[in-house]
Amino acid sequence: MYRRSLSDGIRRWPKRVVYTAAALLVLLAVAVFVVRQMYTNNLRPVSTSDEVKVVVIDSGTSVPKIAQQLHQAGVIRQVWAFERYVRNIRVGDELQAGTYKFKPSQSVQQIVKDMVDGKVAVDLMTILPGQRIDEVRAAFIQAKFDPAAVDQALNPTLYADSPALADKPAVASLEGFLYPESYQKDASTSPETIVRQSLKQMEARLTPDVRAAFAGRGLSVYQAVTLASIVEREVSNQSDRAQAAQVFLKRLRIDMPLASDATAPYGAILAGQKPSLTFESPYNTYRNKGLPPGPISNVTESSIRAVANPASTDWTYFVSGDDGKTHFSSTVGEHEALTQQYCKRLCGN
């Protein structure tokens, strides 16, 4: 009996089909090679430059966000290549927060190793965004400054000549006015020197235009910084902050409580209590209308400008979702639906 072989079947295929299949296989092989080559090339150093780039990685920052920061700093070629490399070697959960000094001459492999090893810069004092003043104090001490010298440096009366503090109530602390940045230090650097540098950075953000914009919204600089600190703590995505500022400004205008999840816990912490949304204090903006007595953290330029130039939207509510995005709405019903849909982990749903 004649048995049909595989080669017989192939011979019976039209030559055009055989040639097309072969061509597709070749194209696929070439595509795989090209992609692998692109991936390998994008792991290489950006350049031969040894210029130091300071990159601050906050605790809890996602790998995509880290990749974006490194790309913006000019120390990696492509975001996708960094993400893929981290995923391939399975170290996404091992990248450590901190302040790093990277160079464009470093490869992705070197940068990732430094982050896994926690090879943070030791000659920098970093004030992170959204930190309370007690957290800033702890950061000074962690940077090996003497606690007594730190406490003295945080005394606001030392900086009566600072333009950044011109509108600060006399009895208020420096809360909200220590601009988050990395500051160079050596063995002779004092905490007061860094505080003064931080206040100068804050002063540079409080331009005449920004101050005029605050006044145009009926806010003193101190009130505006207070509101900016709420925006800073409430919304991590900088592109959403102008809309969040619009929501809070609208609530102030219509005499509606700000209802900020960030303010009540601050009041509890000030009182030495466990953070709680129900803690009764002037900082509980669920129970008290208007702004709290003062800022609840430091602020970045994006939050300052969000309050100075809020979005032209007309939202009344927003919720920060588990997806890292801020979801805005106009009615209570819409807000509750968005909360149920997007805020399961963060909102305890």
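What radius of gyration does the chain have, and what would a compact globule of 349 residues have? In this predicted model, the chain comes out at 27 Å, whereas a compact globule with that number of residues would sit near 20 Å. The outline of the C-alpha trace can be given too: along the principal axes, the trace spans about 105 × 55 × 40 Å.

As for what the chain is built from, there are 14 helices and 6 strands. Of the 349 residues, 41% count as buried. The accessible surface adds up to about 19000 Å², and carbon and sulfur atoms account for 54% of that area. Contacts were also sorted by how far apart the partners lie in sequence: taking those between residues at least 6 apart, 62% join residues at least 24 apart. Then there is charge. The chain carries 40 positive and 34 negative charges, and the mean positions of these two groups are 12 Å apart.

Turning to the aromatic rings, a search of the whole structure gives 8 aromatic pairs. One of the pairs joins F318 and F328, with ring centres 5.7 Å apart and planes at 45° to each other, a tilted arrangement. This pair ties together distant parts of the chain, 10 residues apart: F318 belongs to strand 5 (residues 317–320) and F328 to strand 6 (residues 326–329). Are these two phenylalanines, F318 and F328, buried or exposed? Both are buried. They also belong to a wider group, as ring pairs link F318 and F328 with F248 and W315 into a cluster.

Methods
Residues numbered from 1 in each chain as written. Predicted model: local features only at pLDDT ≥ 70, side-chain atom pairs only at ≥ 80, totals over all residues. Heavy atoms only, no water. Helix = DSSP H or I, 4+ residues; strand = E, 2+ residues; numbered from the N terminus. Rg over C-alpha atoms; globule rule 2.2 N^0.38 Å. Buried < 20%, exposed > 50% of the residue type's maximum accessible area, 1.4 Å probe, protein only. Contact = heavy atoms within 4.5 Å. Areas by Shrake-Rupley, 256 points an atom, 1.4 Å probe, with all protein chains shown as cover. Lys, Arg positive; Asp, Glu negative; His and termini not counted. Charge placed at Lys NZ, Arg CZ, Asp CG, Glu CD. Phe/Tyr/Trp six-rings, centres within 6.5 Å; stacked < 30°, edge-to-face > 60°.
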